[in-house]
Amino acid sequence: MEAAMDLMRRMPPRSAETALNALLSLLPDHSLDLLSQVCMDKESLKEYILCEYNRDADSYRSPWSNKYDPPLEDGTVPSQGMRNLEVEANEVFSVYRDQYYEGGISSVYIWEDEDNGFIACFLIKKDGQGKRGYMQIGSWDAIHVVQVGPEEEGAAHYCLNSTVMLSLTTNNKQSGTFNLSGSIRRQMSMTLAVADGHLVNMGKMIEEMEGKLRNSLDQVYFGKTREMVCTLRPPPEVLNMRLPDS
């Protein structure tokens with residue numbers, strides 16, 4: 001899977017769709033890692049994101065109802081303590097997503113690990129068109145996986161692994177059709193006091209990480225693209241400039 005993601009990062013944007021289809025045919029078991037899918041919870045009528053972290057056999061657990069679809073009698077579910085934290089995390093993260101992304105879908109899944117700690121997966125997916133009319137269609141997929149160690153002397157160790165996948169297409173008279181896609185991955189580790197709760201600590205880390213990821217995407221993708229476009233196709237005001245008479 002890491003090799004597949006590395007290959008996608010090196011593909012030219014115009015070939016991203018072709019490369020993705022080829023990878024899906026080669027790695028059908030990783031289709032959910034390559035494509036975020038969404039399902040509707042039949043009880044709460046809320047959408048949730050499908051991934052390997054809420055999958056058991058061929059069924060997927062909803063973070064809203066804690067039930068599998070298709071139904072699975074012996075499906076793995078978190079303990080009551082983890083489930084309470086998961087419910088609160090989904091409610092808080094939904095507010096965070098509305099404030100930062102102005103829409104989209106978010107899901108949080110939490111389960112125990114073998115080291116007396118737990119793991120939490122925070123997912124955000126947003127597709128759509130730009131409100132200002134410049135972007136024809138775009139998508140943003142963010143995956144944040146936090147591994148939380150056991151509490152010791154009022155503190156716990158948090159390890160955050162974040163991945164963001166971005167794709168957008170513009171189509172207007174001035175710039176024509178333009179495609180840009182890519183992904184970026186970062187890691188952060190911190191030891192924090194748990195007096196305010198694990199959710200507060202994880203939320204602060206994710207908020208800080210997303211800010212860093214957005215800045216990196218702006219510099220790496222948009223900044224370099226802007227530099228190349230301006231070099232190859234200077235703005236009209238530059239072309240219309242006349243050299244002073246000698």
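A salt bridge is counted here where a side-chain nitrogen of Lys or Arg lies within 4 Å of a carboxyl oxygen of Asp or Glu. The model on screen is a predicted one, and under that criterion the structure holds ten salt bridges. The stops below visit some of them and then turn to a cysteine.

**First stop: Asp 58 and Arg 55**

Select Asp 58 together with Arg 55 and display their side chains; the two form a salt bridge in which the closest N and O atoms are 3.7 Å apart. Colouring by accessibility separates the partners, since Asp 58 is exposed, with a relative accessible area of 60%, whereas Arg 55, at 32% relative accessibility, counts as partly exposed.

**Second stop: Glu 86 and Arg 83**

Move next to helix H4, which spans residues 80-101, and pick out Glu 86 and Arg 83, which both lie in this helix, three residues apart, or about one turn. Their side chains form a salt bridge whose closest N and O atoms are 2.5 Å apart. Are these two residues buried or exposed? Glu 86 is buried, with a relative accessible area of 0%, and Arg 83 is likewise buried, with a value of 10%.

**Third stop: Glu 210 and Arg 214**

Now go to helix H5, residues 198-232, and select Glu 210 and Arg 214, whose side chains meet in a salt bridge at 3.6 Å, N to O. Because the two residues are four positions apart in this helix, about one helical turn separates them. On accessibility, Glu 210 is buried, at 1%, while Arg 214 is partly exposed, at 31%.

With that pair in view, return to the residues of the first stop and add Glu 52 to the selection: salt bridges that share partners join Glu 52, Arg 55 and Asp 58 into one network. In general, side chains of opposite charge can pair when their charged atoms come close.

**Last stop: Cys 51**

How many disulfides does the structure hold? The count is zero. To examine one cysteine, select Cys 51 and Cys 121 and draw the distance between their sulfur atoms: the sulfur of Cys 121 is the nearest cysteine sulfur to Cys 51, at 4.8 Å, and Cys 51 is in no disulfide. The cut-off explains this, because a disulfide requires a pair of cysteine sulfur atoms within 2.5 Å. Before leaving this view, check the surroundings of Cys 51, which is buried, with a relative accessible area of 7%.

Terms used: Residues numbered from 1 in each chain as written. Predicted model: local features only at pLDDT ≥ 70, side-chain atom pairs only at ≥ 80, totals over all residues. Heavy atoms only, no water. Buried < 20%, exposed > 50% of the residue type's maximum accessible area, 1.4 Å probe, protein only.
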